[in-house]
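Here is a short briefing to read with the structure open beside you. Take a moment to look around the fold before going on to the points below.

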Amino acid sequence: MGYSPSKAMRRCNHLVGEIDGVYHEMALKLGLSDSAMIVLYTVCDSGGPCPLRDICRRSGLSKQTLNSALRKLETEGIVYLKPVSARSKSVFLTEAGRALAAETAGKVIQMENDIFASWPREDVEQYLELTERFLLDLRERAKKI
C-alpha cells in the first residue's frame, strides 16, 4: 500500500497526544497541575525572569488558564509578578519557587536534554527542522481559515 498523508497525520496526532500524556503523568507524579508545570518549565527554560507574553506564546496556554495558574502559584509563594514596563510584567521565582522548579521542571528539562544528547546530532537537527517546517506551514494555512 502507498503513502497516505491522512494515515501519517493520524500517526502524528497520536504521537503528539501520547507525548502530552507523558508530560501530564510527570506533572502529576511531581505534584503539579499541567499549567503549573508549564509555568515553572517555561521560567526555568528561559534561565531567569520570564515575560508573561513569552509564557503565553511558548506554552500555548490561554491567558485565562495562565492567570489562574499564576494566581495559585503566587498564593503558594512560588512566583511573583513584577511590572517591567507600563504594559508588561515578568514572572519571577521566589526562593521556594527556585527549589520547587529545580525538583520538578528542572528534572524534566534534564531528561529531555539527556534524550537529545543520546541521539545523533543530525537526527536532532532533522527532527527540529521538520517540526518547525510543519509548524510554519500550519500557521500560514491557519491564517486562511
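The notes below go through the sheet, the helix packing, the core and one short helix.

Please keep in mind that this is a predicted model. A good place to begin is the open sheet, which has three strands in the order β1-β3-β2 with antiparallel pairing. β1 and β2 stand at its edges with a single partner strand each, so one side of each has no neighbour in the sheet.

**The sheet**

- β2 and β3 pair in the antiparallel sense over five bridges, and the two strands form a hairpin with five residues between them.
- To find this pairing on screen, look for Lys-82, whose bridge partner in β3 is Ser-90.
- On the other side of the pairing pattern, β1 and β3 run antiparallel and are joined by two bridges.
- Here Cys-50 has Val-91 of β3 as its bridge partner.

**Helices against the sheet and each other**

- α4 lies across β2 and β3, and runs at about 115 degrees to β2.
- α4 also packs with α2, at an angle of about 85 degrees and with the axes 9 Å apart.
- The two helices, α2 and α4, are therefore roughly perpendicular to each other.
- Ser-35, Ala-36 and Val-39 make the contact from the α2 side, while α4 brings Thr-65, Leu-66, Ala-69, Leu-70 and Leu-73.
- Sorted by class, the contact of α2 with α4 has six nonpolar residues, two polar ones and no charged ones.
- Val-39 is a handy residue to click on: leaving aside neighbours within four places in sequence, Val-39 is in contact with Leu-66, Ala-69, Leu-70 and Leu-73.

**The largest nonpolar core**

- This core has 24 residues, and those touching the most other members are Val-39, Leu-40, Val-43, Leu-66, Leu-70, Val-79 and Val-91.
- Two or more residues each come from α1 (5–29), α2, α3, α4, β3 and α6 (105–118).
- α2 gives the largest share of the core, with five residues.

**A short helix and its cover**

- Which residues of helix α3 (residues 52–59) are buried? They are Leu-52, Asp-54, Ile-55 and Cys-56.
- The buried residues of α3 are covered by elements that include α2 (34–46), β1 (50–51), α4 (63–75), β2 (79–83) and β3 (89–93).
- Just after α3 comes Gly-60, which takes a positive phi of about 80 degrees.

Key:
Residues are numbered from 1 along each chain as its sequence is written. This is a predicted model: local features need pLDDT of at least 70, side-chain atom pairs count only at pLDDT 80 or more; totals for chains, interfaces and linings use all residues. Side-chain values use heavy atoms; hydrogens and water are left out. Buried means under 20% relative accessible area, exposed over 50%, partly exposed in between (1.4 Å probe, protein chains only). Helices (H or I, at least four residues) and strands (E, at least two) are DSSP runs, numbered from the N terminus. Contact means heavy atoms within 4.5 Å. Two strands pair if DSSP finds at least two bridges between them. Axes are lines fitted to C-alpha atoms, for helices over the stretch in contact, and angles run from 0 to 180 degrees between N-to-C directions. Angles under 35 degrees count as roughly parallel, over 145 as roughly antiparallel, 65 to 115 as roughly perpendicular and the rest as oblique. Ala, Val, Leu, Ile, Met, Phe, Trp, Tyr, Cys and Pro count as nonpolar, Asp, Glu, Lys and Arg as charged, and the others, Gly among them, as polar. A nonpolar core is a set of buried Ala, Val, Leu, Ile, Met, Phe, Trp, Tyr and Cys residues joined through side-chain atoms within 4.5 Å.
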